[in-house]
Amino acid sequence: MAARKGRRRTCETGEPMEAESHDAGSEGPPQVYLPGRGPPLREGEELVMDEEAYVLYHRAQTGAPCLSFDIVRDHLGDNRTELPLTLYLCAGTQAESAQSNRLMMLRMHNLHGTKPPPSEGSDEEEEEDEEDEEERKPQLELAMVPHYGGINRVRVSWLGEEPVAGVWSEKGQVEVFALRRLLQVVDDPQALATFLRDEQARVKPIFAFSGHMGEGFALDWSPRVPGRLLTGDCQKNIHLWTPTDSGSWHVDQRPFVGHTRSVEDLQWSPTEDTVFASCSADASIRIWDIRAAPSKACMLTTPAAHNGDVNVISWSRQEPFLLSGGDDGALKVWDLRQFKSGSPVATFKQHVAPVTSVEWHPQDSGVFAASGADNQITQWDLAVERDPEAGDTETDPGLVGLPQQLLFVHQGETDLKELHWHPQCPGVLVSTALSGFTVFRTISV
């Protein structure tokens, strides 16, 4: 793990932080380790986390790994910075057998910040520290419902006062689950016990669509029209779901036509009700308008957006920018006002394996995060410019040549799949990987 110490927009490059490699047989100083830069770890070396680089850091495991999750907006208020934190996640498993899978609601609470290093003191102080340690233990409540088949993607939306999850199954169908009961029981231990004993096996989706010709991953709820949903599959088709007055959905059987390979991700415009973006294994990114017939709805195309599959996209809530990540390891920022040019306004190449997730910070317009199959999570700020008066203060050769917009590199996960910023807790990132969930906030964002 490697962090660039210093606040955003000054981005002073001081001493290397966050991942140090220690060799048991050497007396040399700790070194920063970055995948793809400098020598690989040698035998006897290990990565050591620098806790001073984190304001908050917690890990959790739920049994079978989760390929996808979403953060559930709650009623605890916005702009929460006071610790300890409470947060709610909805996630789906990828278990070894189809019948072992679960759709889960997680309540993670009592999440305290990282502790300062211990000082030498009396036995009384040590006892107080032990009591304090017990009080600071993070807590996890988990409500699960059976789901036949691995869950490829989960996205949560509120329909008025009703929270729902859209779920893409590896069995080729998309389902919608009501989440109200799950949210209730993770707040009440007695209700949770009753639910797990008597109710969980009876929970079924409130709607399911089997019209896709196979499985898929792309799914996005409209942020502007409650209940409006897009789903895209590995057979290149995209379908539009329209909510009905009866609380169900009408799914247009006519797919949006344009991509020639798997649709990997979908994003509604945050400013226009009828516009969305898609990306595909055909290397293209497309902009669509649902007011046109599905066969004619593609308005703009960048055919070779990446050198290979385009895996993920994120549409900024603050600026007319689209962020993309591909199998080529590149992160690209597209100005939608210049999208016809086919050229991104910025390209970053820090990841040395396919990018698996990207997301703009919900409040800070220039900031985004990305995860990769190289087990890195990177944080970036487009507004950072190196302080010319500071000169080049990099002392570690492994840090020379890093993009100045790169704020932080987080490591230590295995097989990273997805990340999300918490919309109500500024700077808090949550990720899922084969190694489990991680909740953290860095000193950089």
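**View 1. Strands β24 and β25 run antiparallel in this predicted model.** Let's start with the pair itself: β24 covers residues 321-326, β25 covers residues 331-335, and 5 bridges join them. One of the residues to pick out is F321, whose bridge partner in β25 is D335. As a reminder, strands of a sheet pair through backbone hydrogen bonds, either parallel or antiparallel.

**View 2. The pair belongs to an open sheet of 4 strands.** Read across the sheet, the order is β23-β24-β25-β26, and the pairing is antiparallel. At the edges stand β23 (310-315) and β26 (346-348); each has a single partner strand, so one side of each is left without a neighbour in the sheet. From one strand to the next, the twist averages 20°.

**View 3. Here we zoom in on F321, a residue of strand β24.** Is F321 buried or exposed? With a relative accessible area of 16%, F321 is buried, because the cut-off for that label is under 20%. Leaving aside residues up to four places away in sequence, F321 touches S314, W315 and S316, then V333, W334, D335, L336 and R337, and also W360 and L382. For a distance to check on your screen, take F321 and L336: their C-alpha atoms lie 5.9 Å apart, while 15 residues separate the two in sequence.

**View 4. Two stretches that UniProt annotates as WD repeats are shown here.** The unreviewed UniProt entry places the feature "repeat: WD" at residues 256-291, 303-337 and 348-382. Residues 256-291 are 0% helix and 47% strand, with the end C-alpha atoms 12 Å apart. For residues 303-337 the figures are 0% helix and 49% strand, and the end C-alpha atoms are 17 Å apart.

**View 5. Two buried cysteines, C279 and C425, are the subject of this close-up.** C279 counts as buried at 0% relative accessibility. C425 is buried too, with a relative accessible area of 0%. How many disulfides does the model have? The count comes to 0.

**View 6. Stepping back, the whole protein has 3 helices and 33 strands.** Of its 445 residues, 55% count as buried. The protein exposes about 19800 Å², and carbon and sulfur atoms supply 47% of that area. Among contacts in the protein with a separation of 6 or more, residues 24 or more positions apart account for 59%.

Technical notes: Residues are numbered from 1 along each chain as its sequence is written. This is a predicted model: local features need pLDDT of at least 70, side-chain atom pairs count only at pLDDT 80 or more; totals for chains, interfaces and linings use all residues. Side-chain values use heavy atoms; hydrogens and water are left out. Two strands pair if DSSP finds at least two bridges between them. Helices (H or I, at least four residues) and strands (E, at least two) are DSSP runs, numbered from the N terminus. Axes are lines fitted to C-alpha atoms, for helices over the stretch in contact, and angles run from 0 to 180 degrees between N-to-C directions. Buried means under 20% relative accessible area, exposed over 50%, partly exposed in between (1.4 Å probe, protein chains only). Contact means heavy atoms within 4.5 Å. Accessible areas come from the Shrake-Rupley method with a 1.4 Å probe; for residues, only the protein chains shown count as cover. A disulfide is a pair of cysteine sulfur atoms within 2.5 Å. UniProt positions are given in the numbering used here, feature names are shortened, and annotations may be inferred rather than shown by experiment.
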